Amino acid sequence: MRIPHTYRDSHGTYYVRYVIPAKIRPLLPGIGRDVRKSLKTKEAHRARLTSRRFVALLDRLIGEFELSEYRDAAFYVHLITTADPFGNEVRIERDDPAEEISMYKELHHMWASEWADTPHASAKLASLNADLLRRDRAEQAKVHTTAEVIDAFIRDKRAALRGQPMKELRSGLELFNHFMGDTPFNALTKAKLREFRDAVPRLPARIAHNVKLKTMSFPELLTVTEQNGLKRMSARTVDTKISAVRQLLKWAVETTDFIREDLSGVLKRKYVNDTDNQATSPYKAFERQHLKNLISSYLYRGEIPTRMRTMSPYRFWIPLIALYTGARLEEICQLYLQDVVEMDGVLMFRITPDDDEGVGKKVKIKTLSSHRSVPVHSRLIEFGLPEYVRELRAEGQVRLFPDLGNDNAKGKFGFDAGKWFGDTMRKTIDYEKGQGYCFHSFRKNFIQQLQNVTDVPREVRKALVGHSVGDGDVHEVYEGEYSPAVLKANIEHLKYDFLDITGVSWADYKARLSAWKGLTGR
């Protein structure tokens, strides 16, 4: 579907195009018929959001120019031509700094009048005037809350950071703002930062997703975590939160005069105590009853409920592939048909960026050791995986799960599958959020099942799941990869004898799917 006000260049990058109304073009000399800006993305989802923001900004500026009865044309020409699609403050640049500040204050006054009676007006004004705060030393000398300084910092970073990096930055700074409370930003001390640094590794995980935890103060969070034995933030999350605050502090002293001393050294990574976070894994293997609930569900048994709005082949295959390969969700969801290939007589899954068929393969591999080939377990062959692959090739498809795209907030093929499993299948399998169970639990089941087979060496298990093999000794330098035959012989030791998989097949699923479509008209 075409995105309004946008077009794409020969490289696939989106641009936004805003057409200046014909009646006022003569009143805005130098602008021309339209304003065009690169959105710096090839993803439709991001282009849609960014272009909407840009068009809304220019609509407002054009409206203000008309309401001013077309006065200060040069002023509005500059605002319109320098408008930023990424939400950063409009830049005003003059040879005379005093003139710049005067123009910023004029703009500030105009917007302040417009928003005088609206909720959160002070927060809006603080974020809109990032450039004014950054350039005007008199403004910086005033007492500002941590929230106001964070707003200015975020606005300054929007052009360079988008997507997940910006989300992580915001999350870390929201936590810091919660810690600071009403304390003015320029009252920040090294002692206060040490207190924050030492507290973060002791905080519970996923605070933002828990209504009760979100309303608690820092001391209350620490007490509840200790008394109730709540799962703490992972070492990576702790590092991300603290790194966000370090960036804020460096910006505050290097780019502005909000603070006079660089306090970021207090938060260097080496000071973060994460030993408690490394002691245990946050994931649990599914219990036997969980897996029995899965295999006895409508995905593999009986009628598909008519209440289901959609059904897709990935829902049948992804849990089974995870159970019999130990692969990560994204590794499975991004597979291409060329990744299901016979190697030395063994049918294998290839987890690799190699594009042998030249179809423009797009994959993300977590680590160097994650590049690997995993034998297709005999159970998956019995379930009908080769038949499924042949059907897709006959249709002219190139990916194993063409219904899954990466046009989403995280740019991952497993985004929709992860949401479906975490929301819908969680209830079917019967586990609660926060207990340590999730799609990654299949990976732990796979590893633990093979761990209990004495004939499967630890190094082979690590090779199958993409963990680094060996301890870096001299002998390892001379070793190569395990052959498909060796990997196949070992993976076939994997058995789930407690599961009744009688009748589970792709052919049976298609028959039940056809009946469901007949009943629902889908």
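# A walk through the chain, residue by residue

With a relative accessible area of 41%, His5 is partly exposed. You'll find His5 in the segment before strand S1, which covers residues 6–8. There is something to notice in its backbone too: His5 is not a glycine, and still its phi is positive, at about 65°. Keep in mind that what you're looking at is a predicted model.

Which other residue has a positive phi although it is not a glycine? That's Asp430, with a phi of about 80°. Asp430 sits in the loop that runs between helix H19 (415–429) and helix H20 (441–451). Asp430 counts as exposed, because its relative accessibility is 53% and the cut-off for exposed is over 50%.

Now zoom out to the whole chain. There are 24 helices and 6 strands in it. Of its 522 residues, 45% are buried. The accessible surface adds up to about 27000 Å², and carbon and sulfur atoms own 49% of that. If you take the contacts with a separation of 6 or more, 67% of them involve residues 24 or more positions apart.

Next, the inside. In soluble globular proteins, nonpolar side chains tend to be buried together. Here the largest nonpolar core holds 71 residues, and Trp317, Ile318, Leu400 and Phe401 have the most contacts inside it. The top contributor to this core is helix H15 (residues 313–325), which puts in 9 residues. There's also a second, separate core of 40 residues, with Met166, Leu193, Val238 and Leu267 among them.

Let's look around Leu400. Leaving out residues up to four places away in sequence, Leu400 touches Ile321, Leu335, Tyr336, Leu337, Val340, Tyr388, Val389 and Leu392.

Leu193, one of the residues in the second core, brings us to helix H9 (residues 190–199). Leu193, Phe196, Arg197 and Ala199 are buried in this helix. What do the buried residues of H9 pack against? Their partners are helix H8 (163–180), helix H11 (218–228) and helix H12 (235–254).

Back in helix H15, we meet Arg315. Arg315 is buried but has no salt bridge. The nearest side chain of opposite charge belongs to Asp403, and that is 8.2 Å away, so the pair misses the 4 Å limit for a salt bridge. What Arg315 does have is a polar side-chain atom 2.9 Å from the backbone oxygen of Thr310. Not counting residues up to four places away in sequence, Arg315 touches Leu299, Tyr300, Met308, Thr310 and Trp420.

One more stop: Val460, in helix H21 (residues 458–465). Is Val460 buried or exposed? It counts as buried, because its relative accessibility is 3% and buried means under 20%. Setting aside neighbours within four places in sequence, Val460 is in contact with Tyr482, Leu487 and Asn490. Val460 and Asn490 are 30 residues apart along the chain, yet their C-alpha atoms are separated by 7.7 Å.

Here are three of our stops side by side:

| Residue | Relative accessibility | Status |
|---|---|---|
| His5 | 41% | partly exposed |
| Asp430 | 53% | exposed |
| Val460 | 3% | buried |

Notes
Residues numbered from 1 in each chain as written. Predicted model: local features only at pLDDT ≥ 70, side-chain atom pairs only at ≥ 80, totals over all residues. Heavy atoms only, no water. Helix = DSSP H or I, 4+ residues; strand = E, 2+ residues; numbered from the N terminus. Buried < 20%, exposed > 50% of the residue type's maximum accessible area, 1.4 Å probe, protein only. Core = buried A, V, L, I, M, F, W, Y, C linked by side-chain atoms within 4.5 Å. Contact = heavy atoms within 4.5 Å. Areas by Shrake-Rupley, 256 points an atom, 1.4 Å probe, with all protein chains shown as cover. Lys, Arg positive; Asp, Glu negative; His and termini not counted. Polar contact = N/O pair within 3.5 Å; in protein donor to acceptor, adjacent residues only side chain to side chain.
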